[in-house]
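Biologist: Please choose one part of this model and take me through it slowly, explaining each term as it comes up. I would also like to hear about one unusual spot elsewhere in the chain.

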Amino acid sequence: MQGRKVLLPVLIILFTIPAAFCQTEALKTVVNNLAFYKQKKDLKYLSSAKNTVDSVIKASPNPADLEKNVYRAVVYSSILYVDTLNKLNQPATFLTQTSELVDKLAQDKKIYKFQVDLDYAKNCLADAYIRKGFVYMNKSDYNNALQSFESAKKYAPSFKQLNAYIAFVNNKLGHLREAAKYYTDLIGGDSTRAVYVEAASNIYKSFGDTVAALEVVKKGRKALPNDRSLLLDEANIYNNKKDYHSLVNLLPALLEINTNNADIAFVAANCYDHLNQYDKAESLYLHAIELNSSAYEPIFNLGLLYFKQSEIKQERGGDQNIARAVQWLEKANEISPNDMNCLQVLKLLYAHAGNENQINRINNKLKQLTNQ
C-alpha cells in the first residue's frame, strides 16, 4: 500500500503556476525543473527543484514572502505525492513539515492569489496521509490509521471515499456510532455502494435501532434500485418486525430473483398467511417444502394453515382440510417430536376425530416434556 496513489486528479493542475511567479531567475529554475519532471518522470528534477527553492528561502528567510513559500509548498507536496517510496531520502518529519507549511499558507489573507496551487498542495497531502493510513491499517494499527485518514479529510473534504476508510477504521476500533455516521454519509448519489448500506444497517441493527437501519436501506435502494442484497435486507427488516403489509410489496421481486431459495419461499408464504391470502400461502409453503423437505417450519405452518381453513370452511371442505392438517402436522411431529405447539394442535385435531389412542399418546408426551 505504501506506493499507492489515491487522488490521481491532482496531477492535472500540477505546474499551473500563476504569472506572478517567475519574478526571479531562481524561481524560474524551480519551474523549469518541475516541467522537466513532468516530461521525463525523473526524480532528480524534483530534487533539484527542492534544493533551489530551499536555497532561495535560506538566502532571504522572510516568513512573510508568500510567493516563495507557495513555491516551496508546491515542490514539497509534489515530492510527497510522487516519491511514494522516498527514494529522495526525505526525513520522517517531511510530511508534518509540509502540512504545517500548507496550514500556515492557508491562513494568509492573500492566499487567494495562489488558490489553485494551494489546492494542489492540499490534494497531494491528502494522498500522502491516505497512503500512510493504509500502511497503519495493514499493520492493524487502527488508532494511527484513523488519525491519518482524518488528516487526509482535512485537506480533501470533498473526497467521499475517505468516509469509507474512516468508517471502516472506526468500526474496527469499536466506535460504532461514528462508523455508522460515516457510512451513512456515503449513501445517496454516485458514492453509494451496497457494502456501505449493509455496514450502516448492520451497525444500527446491533443497537436495536431498526428504524435507522430501515431508513438507511431504503435510501440505499433509491440509489441502487436493482441491488438484490438491499432488497433482501429490507425484506428481512419487515419480516423481523412482523410488518407484513410492507413486506408483501417486496415479495414479487424477491421471489423472482430467488426462485429456488427455500427460506425466501417460506418467508413469502408466512407473509401471505398472516394477510389471510391462503391460496398464495399454501402454494409457497408447498414450494418451500419441495426445496427443503426436512425443514420443520414450512411443514408445521402448512398443517396449521389447513387447520385454520377447516375452522373457516366448516360447512364445505372442513373434513378434507382437517385430514390435510393431520397429515402435515404428523410430518412436522416426526421432524421435531418435542415441539409442544405441534403436539397441542395435533391433540385438538385428534379430539375432533375422536381418536382416543392418539390423544392419550400426546397427553403422555406432554407430561414427559413438562416434567423434565
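Modeller: Helices are DSSP runs of H or I with at least four residues, strands are runs of E with at least two, and both are numbered from the N terminus. This is a predicted model, in which local features need pLDDT of at least 70 and side-chain atom pairs count only at pLDDT 80 or more, while totals for chains, interfaces and linings use all residues. Residues are numbered from 1 along each chain as its sequence is written, and side-chain values use heavy atoms, leaving out hydrogens and water.

The part I choose is helix α4, whose 13 residues run from 94 to 106 and reach 18 Å from the first C-alpha to the last, close to the expected 18 Å, which is 1.5 Å times one less than the number of residues. Its buried residues (under 20% relative accessible area, with exposed over 50% and partly exposed in between, for a 1.4 Å probe and protein chains only) are F94, L95, T98, S99, L101, V102 and L105. Seen down the axis of α4, these fall within an arc of 160°, so they line one face; the arc is taken from the directions from the helix axis to the C-beta atoms. The face turned away from that buried side carries the exposed E100 and K104. Among the elements covering the buried residues of α4, by contact (heavy atoms within 4.5 Å), are α2, α3, α5 and α6.

The unusual spot is K242, in the loop between α11 and α12. Most residues other than glycine have a negative phi, yet K242 has a positive phi of about 60°. K242 is also exposed, with a relative accessible area of 59%.
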